[in-house]
Amino acid sequence: AVLFLTAGFPLAAGNLPEIVVQTGHTLTINDIAFTPDGRCAVSASHDRTIKLWSVASGKEMRTLKGHTSYVTSVSVSPDGRQLLSGSVDCCVKLWNLETGAFIRNVAIASSNVRTVTFSPDGMNAVYGTDDGLIIMKRVSTGETLRRFPGHAGTVTSVLYAPDGETIFSAGEDCTLRSWDAESGTAGFSIKGHSKWVNDLAVSGNGKLLLSASGDGTVKLWDARKGKEIRTFSGHGSDVNAVCFSADGKNAVSVSNDDTARVWDIETGREQTVFKGHKTFVHAVAASPVSNLVLSGSDDRVIKLWDMKTGTDLQAFKRNAEWVYSVSFSPDGKSVLSASADGTMTLWDYLRARASLTFSGHTKPVLSAAFTPDGKRVVSSSEDGTVRVLDAENGRCRNVLKGFKDSIWDAAVSSD
């Protein structure tokens, strides 16, 4: 028996493969952040949008729109409920991450906002701008709490130490700086790179600091004393972003050499090179609960991969149109996707490649599923038809007509 749902509104896509992350941005991806529980990720793009993703399913959960220019930076609140975003439109915006609703402008800066972060208690926001300013604001009111002057030129990165007592910053003036978060008093000022510093990361215990630079290196620092510990060399171009692994034993960096690299913190040795992107890689985030890494690039793709093996877990990137439905075969070895281009694709899940394309619908295919025995595929479409096809060769077995509107879903009974 087959159950149909017609007209009304589109249903959520079917269960997506666990290791898939879909491409949704139309321009460069500038920043990526995980939620504290590691279940979701947030991406910021040149296309002026912010997207929320389910890491487990790869499903785009929602798009946040409101910035009028490039979104440069995102930061998730410690409780995972709110999001800060910074943009070249000079705004720092606060969002409800659970609903996607815009809450308020926390700040309207005097120049482009390049980096933004929550304090560990979620009460304050700190951001850096093109005119060298670092400013702390109260999230709830937008009140300016203090300013941290010192950088000569664009501030590229700001972040708190985990205890909230220290703020670290970096800029195009090639320096790394530390500040007392309560008093605003300047701490160390280091010029250890020969070119601009693009990004910073602090370890979970607050003792170590990583810096990524246009000079092609990553450096490890004593976060309390500002002393260099070692340099990680291997990238062939600018290093754009860096992060610590969840256990603090590795650093992950991304570069204009189109790669991401994993380093052993203790020895400085390069452990893994990820070559899944086609061009400059700008953003990286490590899961707080696993070995998974997300990286974003000028190729407009977000890649999910394993830092221990370098395995690319982004399995499917074929459809030029929207994918409305994805489902597993009963034996779990194949995946079936339905697309707005009127086709369905059968994927070899283990080899991550298309094995068969089903055609016949004249409009977008809105759902597709296997029969319980895995021998047939049932699809529904905006063309008002339901098709039953042979899963092995794609041959059409039956066409059910007579519907007056789009058929949004079709389900097959267990018998």
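Strands, like helices, are taken here as DSSP runs numbered from the N terminus, with at least two residues (E) for a strand and at least four (H or I) for a helix. The structure is a predicted model, in which local features need pLDDT of at least 70 and side-chain atom pairs count only at pLDDT 80 or more, while totals for chains, interfaces and linings use all residues. Residues are numbered from 1 along each chain as its sequence is written, and side-chain values use heavy atoms, with hydrogens and water left out.

D180 belongs to strand β16 (residues 176–180). Leaving aside neighbours within four places in sequence, D180 is in contact (heavy atoms within 4.5 Å) with F148, E165 and T185. Of these contacts, F148 is 32 residues away in sequence, with a C-alpha to C-alpha distance of 9.5 Å from D180. A polar atom of the D180 side chain also lies 2.8 Å from the backbone nitrogen of S183.

N256, by comparison, sits in the loop between β23 (250–255) and β24 (260–264). Not counting residues up to four places away in sequence, N256 touches S237, D238, N240, F280 and H282.

Further along the chain, β33, β34, β35 and β36 form, in that order, an open sheet of four strands with antiparallel pairing, where two strands pair if DSSP finds at least two bridges between them. Because β33 (365–370) and β36 (396–400) stand at the edges with a single partner strand each, one side of each is left without a neighbour in the sheet. β33 pairs with β34 (residues 376–381) in the antiparallel sense over five bridges, and S367 has S380 in β34 as its bridge partner.

Key. A polar contact is a pair of N or O atoms within 3.5 Å; within protein, one must be able to donate a hydrogen and the other to accept it, and residues adjacent in sequence count only if both atoms are side-chain atoms.
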